[in-house]
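Student: Please take me closely through one part of this model and what surrounds it. I would like a connected account, with the cut-offs behind each term.

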Amino acid sequence: MSEVFLKIVNMSFAASWIVLAILLLRLPLKKAPKWITVLLWGMVAVRLICPFSVQSALSLIPSAETISPEIMTAQTPEIYTGIPALNNIIHPILRQSAASPQTSANPLQIRIPILAVVWLVGMAILFTYTALRYWRLHRKIGTAVRIRGNVYQSEAAASPFVLGIIKPKIYLPFSVSEQAMPHIIAHEQAHIRRRDHWWKPLGFLLLTLHWFNPLLWLGYALFCTDIELACDEKTVKHMEKAQRADYAQALLTCSVRRPSIAACPLAFGEVGVKDRVKSVLQYKKPAFWIIVLAVAVSVLAAVCFLTNPADGNAPAATENGTDNIDDAPNTTAIPPDQLQAKYPLYFDLPVSDGLAVYIWQMGEGNYSCVLLPGKDRDYTWEDLWDLHKSATTMEEMKAIVASYLSAGVSQSDVILHPIQMPHSSYFYEINDAYLEKLNELFWSDFPAS
């Protein structure tokens, strides 16, 4: 479940960049057809639905995977936002958390599963609230009277709206005047032809899945406004000036206060009435070159934001100065002076009684090591606790041991001691098979003795 949650979070981060881009594009596209802006919101939906994307050198998504699943087992957890300055702010916080004295394992192994449960609970609450709201509305309009076709009137309707996914119906209040009714019905029929009764619930379903992201709440609110503006534009584009004035009057008459953050219904006068009236009265058919330019901008935006960066999300450099762990040189060849500056307490130890490498496993493939003199001494975890914050990675300890071997210490005088920290959330059984596997892992880069 934790990996699913992290995948959702990464998809949400990627979609957030598109939301920010659309917020910037709304101003230069102000004179473009409104359906162009609605299409841009479709890119957000694609990012929130599709768990993968092709790579492109033109991608403007800073990071394809901001949080790797390995963050829960890494000794030094990191995220890759694609913005170095932001990484430098977040990484010290993560490392301080990972060095918590309450547990020898990465605390994110506990916290991320808890956050995953919170995510599921929040999603369930939002979904249940929406389902109950839909059921109550559907029950209220059960006594609606059919006028013609899919048009009904109901005393429970405060404003005209469309309700239904498979067979959408238009509901009008009895207070709608004969003059306003043709305009209202034309608007709601335009919603149905544009399949807005599908897109709005789909958008809310995605918002339910990504409820923790405030940018997506803002994006959904603007999406609801934009589909109404696009529908108004489609309805009035063949109207004369006087008819547009009547349409604007119908908007004002039917305006109601209703939360715009909802899956349904598509209500005639619930969203941005002031801006919609102004847009209707000032409507002018966009010039052809504006449409072409807007389409070109949309295509370019799709190429830049629906693709991942060609270099993935790899960090620019690790603490050891390599671009990627897979490209790092043999770590047993790390210069000893570099390690001595970082771990001075592990150098110049007395070697007459041998050396002991104490190793505890913090996760799959993630080990913490300390080095102490005396291969036959039986240190307890309490003895080792003060060294916890100075623990090395497996590869660093290999390099430290290599420096002792090069100084004449025999490999047989270095003993590995696997231990289980009682505070650790990662449990494993220490037996002969485990010790054999650990020895094979540790000594694999050393020449056979």
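**A loop residue and its surroundings**

Tutor: Ala32 counts as buried because its relative accessible area is 4%, where buried means under 20%, exposed means over 50% and partly exposed covers the range in between, with a 1.4 Å probe and protein chains only. The model is predicted, so that local features need pLDDT of at least 70 and side-chain atom pairs count only at pLDDT 80 or more, while totals for chains, interfaces and linings use all residues. Residues are numbered from 1 along each chain as its sequence is written, and side-chain values rest on heavy atoms, with hydrogens and water left out.

Ala32 sits in the loop between α1 (2-25) and α2; helices (H or I, at least four residues) and strands (E, at least two) are DSSP runs numbered from the N terminus. Not counting residues up to four places away in sequence, Ala32 touches Glu233, Ile290 and Ala294, contact being heavy atoms within 4.5 Å. Pro286 is 254 residues from Ala32 along the chain, yet the C-alpha atoms of the two are separated by 6.4 Å.

Other residues of this stretch of chain take part in the second largest pocket, for Lys30, Lys31 and Lys34 are among the lining residues that lie nearest its centre, together with Leu229 and Ser279. This pocket has a volume of about 810 Å³ and a lining of 22 residues. The elements that give two or more residues to that lining are α2 (34-49), α7 and α9, and the largest share, five residues, comes from α7. By class the lining divides into eight nonpolar, four polar and 10 charged residues, where Ala, Val, Leu, Ile, Met, Phe, Trp, Tyr, Cys and Pro count as nonpolar, Asp, Glu, Lys and Arg as charged, and the others, Gly among them, as polar.

For both pockets and cavities the search runs on a 1 Å grid over the protein atoms alone: a cavity is a set of points where a 1.4 Å probe fits but cannot get out, a pocket is an open set with protein on both sides within 12 Å along at least five of seven lines, and lining residues have an atom within 4 Å of a point. Points are joined across faces, edges and corners, and a volume is the space filled by probe spheres set on them.

Glu233, which touches Ala32, also lines the second largest cavity, along with Leu229, Asp232, Val236, Ser279, Val280 and Tyr283. Two elements, α7 (214-236) and α9 (273-281), give two or more residues to this lining, and α7 gives the most, with four. About 30 Å³ of space lies in this cavity, and its lining has four nonpolar, one polar and two charged residues. The structure holds two cavities of 30 Å³ or more. Cys231, at 0% relative accessibility, counts as buried, whereas Cys50, at 26%, counts as partly exposed.

To place Ala32 among the nonpolar cores, the largest one has to come in. A nonpolar core is a set of buried Ala, Val, Leu, Ile, Met, Phe, Trp, Tyr and Cys residues joined through side-chain atoms within 4.5 Å. The largest has 39 residues, of which Val357, Ile359, Leu371, Ile400 and Phe442 touch the most other members, and the elements giving two or more residues to it are β8 (355-363), β9 (366-373), α13 (394-406), β10 (414-418) and α14 (432-443). Apart from it lies another core, of 33 residues, and Ala32 is among its members, as are Tyr220, Ile290 and Ala301. Ile290 is thus both a contact of Ala32 and a member of this core. In soluble globular proteins, nonpolar side chains tend to be buried together.

For contrast with the loop residue, Leu405 lies in helix α13 and is partly exposed, with a relative accessible area of 21%. Leaving aside neighbours within four places in sequence, Leu405 is in contact with Ser410, Gln411, Val414, Trp443 and Phe446.

As for the chain as a whole, its secondary structure comes to 14 helices and 10 strands, and buried residues make up 48% of its 449 residues. Among contacts with a separation of 6 or more, 69% join residues 24 or more positions apart.
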